[in-house]
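Here's a report on how two protein chains sit together. Have a look at the model first, then read on.

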There are 2 protein chains.
Amino acid sequence: MLRMKLIISYDGTRFSGYQIQPNGRTVQGAIEKVLQKMHKGEPIRVTASGRTDQGVHAVGQVLHFDTTLEIPVDGWKRALNTMLPEDIEVWHAEKVSDDFHARFDVKEKEYRYFIWNAVSRDIFKRNYQHHVDQKLNIEAMKIACNYLTGRHDFTSFCAANSNVKGDKIREIHHASIDREGEQLIFQVRGNGFLYNMVRIIAGTLIEIGMGKREPEEMKQIIASKDRANAGHTAPAQGLYLWKVYYKK
Amino acid sequence: MLRMKLIISYDGTRFSGYQIQPNGRTVQGAIEKVLQKMHKGEPIRVTASGRTDQGVHAVGQVLHFDTTLEIPVDGWKRALNTMLPEDIEVWHAEKVSDDFHARFDVKEKEYRYFIWNAVSRDIFKRNYQHHVDQKLNIEAMKIACNYLTGRHDFTSFCAANSNVKGDKIREIHHASIDREGEQLIFQVRGNGFLYNMVRIIAGTLIEIGMGKREPEEMKQIIASKDRANAGHTAPAQGLYLWKVYYKK
């Protein structure tokens, strides 16, 4: 038995999210289907660093699975990419030790949220960036980002309907926002994220950029531990699971 | 009776081309359906500057149609965008004189062809750029572009199965290729284009960039007036009808 680690990208547009479900096209379902074919009908379960919601993209999602197949590493990548649908791409495959775990061994995750900040929408970006037509004050958003870093109870940025086990304390190592022409990129890295956390933070930052809230409110929102005080949940299509970092 | 001119963008990915057909989702079909609704069931025929094939995009396609509805110009744009599917966008609407014709009055058209020239494909670009993994020699492609401008018989760059009426002489006013990082952009403007002409030119340029052909062959290919001497037809997803220029 051999444990394989994959790094994959996917375009979330046409998936009902990462996690397998009885109805709906999922990333996990598409990958397990291909692996089952490669294993002559034997079902293979894959484990990801975490799930992503419907419409959310991934540039560097990480998976592991166990196999008895003896295939060179390059062969895995080629075989999977040949059989997978065009909206999933395996860009790295490697053999790892038996005790590697794609979810439990995560040290840090990076997400990016893309905003297309222009008067006109761009239909070619409609599934890949969140369009905001009102001019956003990026300086105010930068100030607000500073309040996010550090170890906090992020209850205010957790979807009210989530059933997180354990506490809602997470550590954000980096949070920044930059403008490249009409594109705004919010980058956030941390040791873990609650359900909808990045999208609620993005939605709150957008409201700050619009002048509906002061940048300093970010601090009070965190302290209040109340979802009702944060902004709206920004739409899925702007969000990318960018990179997953592992222990050792 | 009032004649309206529209400038529209569309993402060609999920359309079976521009032109209406009995089966298949088309841009013309989607627009005429919305106009018919706005005109309480009366069918309205739209005329475009020309058709685009399945998978080909438009940034500045131009249409005209006649209407008896009295709607302010801004209202037209808003109403159409509200009712049209998310992969079509009207970004300009204006009243024009009765004798304006979106096809017959064309003076010049501009197309752009986008190549993603990188070792790895980028799944987020799969429907919007043509991926070429072999490094392309852009200097050779630039030299080849110079042979395209001017008045030529472009039979060599016309799909063999086309039934063009009249001659195949067209005038190219501008042809250039530029690199922006891993992206190559071919821009071409001319008084008219034959069926698949831009895609066959792009395919030939790519073969020149790969070193399979010398840049000077472009001149001989044109002179031969034989489709068999030109390169392959580059795929649809890299092509954009960029802008249409009119007389007066």
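## Salt bridges across the interface

Let's start with the charged pairs: six salt bridges run between chain A and chain B in this predicted model. One of the salt bridges in the model pairs the side chains of Glu86(B) and Arg126(A), at 3.2 Å from N to O. Flip the chain letters and you find another: Glu86(A) and Arg126(B) also meet in a salt bridge, with an N to O distance of 3.3 Å. Glu86(A) sits in the loop between helix H2 (73–83) and S4 of chain A, while Arg126(B) sits in the loop between strand S5 (106–117) and strand S6 (130–132) of chain B, so this pair joins two chains.

If you count over all chains, the total comes to 32 salt bridges.

## The rest of the contact

Charged pairs are just one way to look at the meeting point. Between chain A and chain B there are also six residue pairs in polar contact, counting pairs with both residues at pLDDT 80 or more. Which strands of chain A supply at least two residues each to the side that touches chain B? They are strand S1 (2–10), strand S3 (57–67) and strand S4 (88–96). S3(A) gives the most, with three residues. Sort the residues on this side of chain A by type and you get eight nonpolar, three polar and six charged.

How many residues take part on each chain? On chain A, 17 residues are in contact with 17 residues of chain B. Putting the two chains together buries an area of about 1,500 Å², and carbon and sulfur atoms give 53% of that.

## Two copies, one rotation

Now for the symmetry. Turn chain A by 180 degrees, with 0.1 Å of shift along the axis, and it superposes on chain B with an RMSD of 0.0 Å. The two copies are thus related as by a two-fold rotation axis. The same surface serves both copies, too: 100% of the contact residues of chain A recur in chain B.

## What the record says

UniProt has an unreviewed entry here, and it lists residues 7–105 and 144–246 of chain A under "domain: Pseudouridine synthase I TruA alpha/beta".

What do those two spans look like in the model? In residues 7–105 of chain A, 23% is helix and 26% is strand, and the end C-alpha atoms lie 15 Å apart. For residues 144–246 of chain A, the end C-alpha atoms lie 28 Å apart, with 23% helix and 31% strand.

Terms used. Residues are numbered from 1 along each chain as its sequence is written. Chains are lettered from A and ligands numbered from 1 in the order in which they are written. This is a predicted model: local features need pLDDT of at least 70, side-chain atom pairs count only at pLDDT 80 or more; totals for chains, interfaces and linings use all residues. Side-chain values use heavy atoms; hydrogens and water are left out. Contact means heavy atoms within 4.5 Å. Buried area is the accessible area (1.4 Å probe) that two parts lose on being put together, summed over both. A salt bridge is a side-chain nitrogen of Lys or Arg within 4 Å of a carboxyl oxygen of Asp or Glu. A polar contact is a pair of N or O atoms within 3.5 Å; within protein, one must be able to donate a hydrogen and the other to accept it, and residues adjacent in sequence count only if both atoms are side-chain atoms. Helices (H or I, at least four residues) and strands (E, at least two) are DSSP runs, numbered from the N terminus. Ala, Val, Leu, Ile, Met, Phe, Trp, Tyr, Cys and Pro count as nonpolar, Asp, Glu, Lys and Arg as charged, and the others, Gly among them, as polar. Copies are superposed by least squares on the C-alpha atoms of residues with pLDDT of at least 70 in both. UniProt positions are given in the numbering used here, feature names are shortened, and annotations may be inferred rather than shown by experiment.
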